[in-house]
Amino acid sequence: MYNYLKNKFALSNIGTKSLIKGIFLSSLINLCMMLPVGIFIMMINELLNPLIQSNSQFPSILKYLTLIIITLIIMFIVNYFQYSSVYISTYNESENRRIKLAEKLRELPLSFFGKRNVSDLTSILLADCASLEHAFSHAIPQLFGSIISTIIIIIALITMNWKMGLAVLWVLPVSFGIIIISKKIQTRTKALHKKAKLDATEQIQECFENIQDIKAYNITKNYMNDLDRKLDISEKAQIKSEFIMATFVTSSQAILRLGLVTVVLIGSNLLINGQTDFITYLIFLITASRLYDPLSGNLENIAEIFSIELPINRMKEIENYKIQNGKKEYELKNFDIKFENISFSYKKDEPVLKNINFTAKQGEVTALIGPSGCGKSTIAKLAARFWDPDDGKIFLGENDINKIDPESLLKNYTIVFQDVTLFNDSILENIRIGNRNASDQEVKKAAKLAMCDDFINKLPDKYNTIIGENGSSLSGGERQRISIARAFLKNSPIVLLDEATASLDVENETQIQKAISKLIQNKTVIVVAHRMRTIENADKIIVLDDGHIIQEGNSKELLNKNGLFKHMLELQNQSMEWSL
Ligand SMILES: Nc1ncnc2c1ncn2[C@@H]1O[C@H](COP(=O)(O)OP(=O)(O)OP(=O)(O)O)[C@@H](O)[C@H]1O
């Protein structure tokens with residue numbers, strides 16, 4: 001039972017124990033509900049006795065008053081413990097579940113995030129956790145508790161009179177049979193509803209994120225029509241799912257009620273034939289009229305219990321996803337990065353890199369160039385172990401990076417990406433992300449080096465200005481310069497620059513290039529660049545095409561050959577001569 005509940009509902013040890021306690025107390029509540037029935041039957045028995053036996057006494061009112069008060073106290077105590085045990089433990093478990101998931105998400109490699117989108121993950125952490133919270137507090141203990149209490153009462157009834165006992169019992173397997181048979185259908189329709197809802201949510205999120213482009217291209221109407229369609233599909237899927245659930249649940253509830261009818265039929269037959277007495281018949285009638293109440297109410301929760309299988313599986317998928325691990329302590333002889341026979345694909349059978357071999361040496365700038373989509377950024381990501389290669393090895397200072405813990409590996413890297421991520425915080429804190437221990441003075445020094453000082457001083461609160469969600473109040477170039485300031489602050493031995501100066505105007509870019517050349521001295525630098533002039537002084541240029549290295553050398557060597565490098569340089573020179 002313990003292991004079944006633990007695995008089935010993906011609970012912690014404490015959560016499983018609390019659930020079992022909750023189930024036990026819920027069944028106790030249902031059994032306590034039968035206490036007034038017992039008192040009532042006792043009273044009827046005593047009331048009828050004077051009519052049957054002349055020497056009997058009239059029942060004592062005080063005795064029944066005391067029994068009623070005791071019953072109320074017992075019911076209050078059991079309810080109190082059930083409520084506090086179930087609810088407090090559920091919310092504690094839920095809190096721990098969210099923390100555990102967040103911790104796991106922190107450790108997961110980018111390959112995981114490449115397969116899932118943000119709204120899906122948000123929905124797991126918020127909506128899915130909330131649905132489990134509700135099921136564990138309002139459905140599971142109550143349903144299991146009502147099954148246990150009903151079985152106990154039925155066993156007691158069977159020992160009293162097996163024929164009438166069976167008349168009460170038969171409805172249980174039939175009613176549950178209907179629910180169990182319907183499980184597959186209910187789970188499928190719930191999954192379809194969930195998917196349709198997620199599609200609509202994703203579209204809403206996408207709409208907010210891309211509102212500028214949607215307006216600029218005048219596609220609001222098309223976009224809204226598409227959203228309307230998705231909302232419609234979601235609504236229909238919800239109605240269908242609710243309807244199917246209601247059909248099965250009400251049918252099995254109706255069957256449960258038939259138990260009372262069969263008790264009346266069989267009981268009156270037994271009474272007429274003198275095979276039972278009136279009090280026993282009365283006990284069965286009153287008990288059967290109350291017995292199914294908790295169970296019938298909880299049948300509605302069965303759909304909820306079925307539906308939590310989906311969020312539990314989604315959470316298990318995160319929990320079981322293989323994390324990148326490795327040693328935290330390691331010695332590096334140098335900071336050379338060596339790619340040895342590297343092949344990589346984001347999607348199965350769609351290789352992005354094929355047999356890549358090169359070394360980015362410490363103290364040198366290694367530039368990656370090639371047409372769009374040839375795999376330049378992917379090489380930079382693999383160098384930092386954001387993804388693990390399918391084949392081959394990447395060495396940092398003669399250590400296979402596959403065997404180094406990603407977090408401790410990244411301490412050696414400064415990465416400036418094409419897409420800068422900024423937080424809704426002050427400029428000071430956004431730069432300090434480069435080095436959490438840096439003082440304000442150090443942050444400001446880094447900002448100066450990255451040519452941020454001028455624009456920051458023009459902001460209302462200077463370094464304390466809050467820059468909005470993802471730095472929405474800054475220009476592309478300003479955002480990029482902040483990310484470069486972070487890099488200055490981190491000052492680590494390896495620098496990966498992925499189109500680092502892409503959003504800058506020529507004047508700014510020239511200045512930043514000067515600053516970057518200071519930053520990268522004696523470091524291992526890998527630059528991904530489109531503009532040829534930004535890499536003309538690189539020590540080594542790797543020219544890629546369709547995931548292969550097709551040329552390698554410095555710019556002088558490559559210009560002397562008739563290859564892609566020369567061709568790209570000529571094309572870029574031509575484009576610089578264009579005018580509108
Ligand atoms: N997260 C991802 N999931 C699936 N495919 C991806 C992912 N990232 C990149 N790709 C694909 O891998 C290929 C190489 O992408 P990559 O970003 O490395 O190219 P790139 O040379 O840096 O391109 P660009 O110069 O346009 O930035 C492309 O076809 C791209 O569509």
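Two residues count as in contact here when their C-beta atoms, placed from the backbone, lie within 7 Å. Keep that in mind as you click around, and remember that this is a predicted model.

**Stop 1: Q186**

Start by selecting Q186, which lies in helix α8 (residues 171-209). Now show what Q186 touches: leaving out residues up to four places away in sequence, you should find I244, M245, F248, A303 and F306. Is Q186 buried or exposed? Q186 is buried, since 20 other C-beta atoms lie within 10 Å. While you're here, draw a distance from Q186 to K240: the two are 54 residues apart in sequence, yet 9.8 Å apart in space, C-alpha to C-alpha.

**Stop 2: helix α7**

Next, select residues 162-169, which make up helix α7, and colour its buried residues: M164, G165, A167 and V168. Look down the axis of α7 and those buried residues fall within an arc of 160°, so they line one face of the helix. As a reminder, an α-helix has 3.6 residues a turn, so residues three or four places apart point the same way. What covers the buried residues of α7? The cover includes α6 (118-160), α10 (220-272) and α11 (278-307), so turn those three on as well.

**Stop 3: the spans from the record**

The unreviewed UniProt entry lists residues 20-44, 64-81, 139-158, 164-182 and 254-272 under "transmembrane region". Try selecting two of them in turn. Residues 64-81 are 100% helix and 0% strand, with the end C-alpha atoms 26 Å apart. Residues 139-158 are also 100% helix and 0% strand, and there the end C-alpha atoms lie 28 Å apart.

**Stop 4: the nonpolar cores**

Now go to the largest nonpolar core, which has 65 residues. Pick out A367, A485, L496 and V527, the ones with the most contacts inside that core. Helix α18 (residues 476-490) gives the most to this core, with 6 residues. Another core, of 37 residues, lies apart from it, and L19, I255, I283 and F306 are among its members. You have already met F306, as one of the residues touched by Q186.

Zoom in on V527 for a moment. Which residues is V527 in contact with, leaving aside its neighbours within four places in sequence? Those are V365, A367, L368, L497, I535 and A538.

**Stop 5: the ligand**

Select the ligand and display its shell, which comes to 11 residues. The closest are Y346, S372, K376, S377 and T378. Helix α13 (residues 376-383) gives the most to this shell, with 3 residues. Colour the shell by residue type and you get 4 nonpolar, 6 polar and 1 charged.

**Stop 6: two backbone oddities**

Finish the close-ups with N491, in the loop between α18 and β7 (494-498). N491 has a positive phi of about 50°, although it is not a glycine. With 15 C-beta neighbours inside 10 Å, N491 counts as partly exposed.

Then jump to D546, in the loop between β9 (540-545) and β10 (548-553). D546 also has a positive phi of about 50° and is not a glycine. D546 counts as partly exposed, with 14 C-beta neighbours inside 10 Å.

**Zoom back out**

With the whole chain in view, there are 21 helices and 10 strands to look over. Of its 580 residues, 32% count as buried. Among contacts between residues at least 6 apart in sequence, 76% join residues at least 24 apart.

Conventions
Residues are numbered from 1 along each chain as its sequence is written. This is a predicted model: local features need pLDDT of at least 70, side-chain atom pairs count only at pLDDT 80 or more; totals for chains, interfaces and linings use all residues. A residue is near a molecule or strand if its C-beta atom, placed from the backbone, lies within 6 Å of it. Helices (H or I, at least four residues) and strands (E, at least two) are DSSP runs, numbered from the N terminus. Ala, Val, Leu, Ile, Met, Phe, Trp, Tyr, Cys and Pro count as nonpolar, Asp, Glu, Lys and Arg as charged, and the others, Gly among them, as polar. A nonpolar core is a set of buried Ala, Val, Leu, Ile, Met, Phe, Trp, Tyr and Cys residues joined through C-beta atoms within 7 Å. A residue is buried if 20 or more other C-beta atoms lie within 10 Å of its own, exposed if 12 or fewer, and partly exposed in between; C-beta atoms are placed from the backbone. The arc is that of the directions from the helix axis to the C-beta atoms. UniProt positions are given in the numbering used here, feature names are shortened, and annotations may be inferred rather than shown by experiment.
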